[in-house]
Amino acid sequence: MKELFDYRDYMIRNLDDSGQVEGYEKKGVTVVKGEGRLSGPGKVEVNGETLEAEHVIVATGSEPNVPPVEGLDEVTVWTNREATTTREVPDRILIIGGGPNGVEASQWLSRFGSEVTIVQSPESLMNREDPEAGRLIKEALEDEGIRVLTGRKAVKARKEGEGAAVELDDGAEIETDVVVIAAGRKPRTEGIGLETVGVEPTDKGLPIDNHCRLDGIPGLWALGDVTGVALFTHVALYQGRIVADNILGKERRADYRGIPRVAFSDPEVAACGLTGERAREEGIDIAAATLDVTKAIARPWTYEEDPRGTPVPRSRSGARGSRRGVGGGAFGGRVDPPGLPGRPGADLNREASGLGCPVPHLLRSLPGGIGETGALEQTNFNGGRDWIFAKQLRTSAWVSSAVTWAHKSWSESR
Ligand SMILES: Cc1cc2nc3c(=O)[nH]c(=O)nc-3n(C[C@H](O)[C@H](O)[C@H](O)COP(=O)(O)OP(=O)(O)OC[C@H]3O[C@@H](n4cnc5c(N)ncnc54)[C@H](O)[C@@H]3O)c2cc1C
């Protein structure tokens with residue numbers, strides 16, 4: 001256990017960013033450490049000093065969304081920060097929230113010996129993905145002894161001996177040592193002086209246009225989690241490129257139609273574009289195909305001793321001959337959870353991107369395939385120049401293969 005935590009601390013550089021600061025300074029960037037606050041157009045106050053610039057970019061990120069549970073302040077609560085820096089694993093853990101973060105945490109804590117319960121208010125885990133993902137994940141978690149309570153909310157907490165007792169809305173009570181909050185994130189918009197530039201945040205985040213310009217104000221931009229568009233590193237990076245291009249005078253608009261995402265659960269859940277439900281909400285008539293990997297491909301055990309999962313490519317139906325995709329998911333596959341070293345999988349992207357895995361063949365045989373998704377502009381396969389989602393997809397053999405294949409068919413169709 002000690003070696004694992006030492007390795008994790010090494011990977012997160014013991015939360016010391018001095019190397020990064022030095023790297024930026026070498027590139028000519030001035031780094032000022034302190035709490036920044038807008039103080040008017042083109043002005044930021046920090047450490048009692050006012051900095052002025054022609055362009056200001058707000059990138060203050062997000063913070064954990066703590067649900068209104070009475071008495072939570074009386075018990076031991078961890079957010080992702082404590083959970084991912086702990087050197088001790090409590091005997092009992094109650095996780096509030098069954099999205100990707102809650103699910104990932106449940107597995108590593110359980111595998112380290114904790115007795116873990118997840119309480120999730122929607123009816124399924126990972127409810128922003130297709131229901132199939134939630135079903136598969138719930139089954140997998142329960143198989144390894146994690147208690148999953150969906151459709152229920154934590155409402156009260158109190159101290160109970162050395163630990164805590166948490167009451168749910170159906171009257172059930174769960175005893176735990178630590179409550180882990182994984183109930184989503186909210187954009188960090190308070191106390192940053194938005195009123196000095198006349199910007200009103202919405203519940204979702206900062207209102208940006210498709211150039212990432214804040215409320216259309218010249219010289220004021222926002223990117224990343226604070227915009228509430230999609231809380232992923234690669235989306236922040238993508239928006240960073242949009243902002244940089246626009247500042248440098250190269251007109252560029254963001255397109256969020258095909259955002260890929262991966263949950264590093266076991267089995268892994270990976271998706272891009274719209275879920276079936278979202279597509280229907282947007283009035284898109286879709287065709288979808290669901291496959292059982294174990295039956296649909298000849299060698300499903302190439303990457304797994306116990307292959308399972310269901311790739312679900314979706315395409316827009318209607319337009320004759322059109323293969324324009326709207327999204328897809330791949331539920332299953334290898335896992336490489338953040339912070340857990342020594343798990344194989346890191347090389348899969350390389351293999352998959354060389355079309356070396358069977359999945360592209362599988363997808364090629366589908367009527368719609370993933371095809372020409374909005375993801376392609378965004379996944380930025382522009383001439384193969386950059387591969388901004390490679391990191392995100394690195395262990396997701398299926399989705400990276402799917403996207404690689406989609407890109408290939410997309411380029412061929414031009
Ligand atoms: C547990 C967890 C797991 C995740 N896993 C993934 C994943 O697998 N893949 C993925 O793509 N994304 C993942 N994410 C999301 C990802 O971390 C975020 O989308 C990404 O960090 C957003 O980048 P950002 O620059 O907008 O914000 P941040 O990375 O939050 O950076 C904002 C920075 O601004 C600083 N700041 C805030 N206010 C001020 C101020 N007033 N003055 C000065 N500084 C300020 C903050 O301290 C922070 O350092 C995960 C998030 C969590 C919590």
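This is a short walk through two sheets and the ligand surroundings of a predicted model.

Let's begin with the five-stranded sheet, an open one whose strands follow the order β6-β13-β7-β8-β9 with parallel pairing. At its edges you will find β6 (77-78) and β9 (147-150), each of which pairs on one side only. Further in, strand β7 (residues 92-96) runs parallel to strand β13 (residues 178-181), and four bridges join the two. If you would like a landmark for that pairing, look at I93, whose bridge partner in β13 is V178. Helix α4 (residues 100-111) packs on this sheet, where it touches β7, β8 (115-120) and β13. The direction of helix α4 makes about 170° with that of β8.

Now turn to the other sheet, which is also open but is built from three strands in the order β10-β11-β12, with antiparallel pairing. Both β10 (154-160) and β12 (173-176) stand at the edges with a single partner strand each, so one side of each has no neighbour in the sheet. From one strand to the next, the twist averages 25°. Six bridges connect β10 with strand β11 (residues 163-168) in the antiparallel sense, and here you can spot E160 standing opposite G163 in β11.

Finally, let's visit the ligand. Which of the 19 residues around the ligand come nearest? They are G36, T60, G61, G224 and F232. Helix α6 (residues 233-247) supplies the largest share of the shell, with three residues. As for the character of the shell, ten of its residues are polar, six are nonpolar and three are charged.

Technical notes
Residues are numbered from 1 along each chain as its sequence is written. This is a predicted model: local features need pLDDT of at least 70, side-chain atom pairs count only at pLDDT 80 or more; totals for chains, interfaces and linings use all residues. A residue is near a molecule or strand if its C-beta atom, placed from the backbone, lies within 6 Å of it. Ala, Val, Leu, Ile, Met, Phe, Trp, Tyr, Cys and Pro count as nonpolar, Asp, Glu, Lys and Arg as charged, and the others, Gly among them, as polar. Two strands pair if DSSP finds at least two bridges between them. Axes are lines fitted to C-alpha atoms, for helices over the stretch in contact, and angles run from 0 to 180 degrees between N-to-C directions. Two residues are in contact if their C-beta atoms, placed from the backbone, lie within 7 Å.
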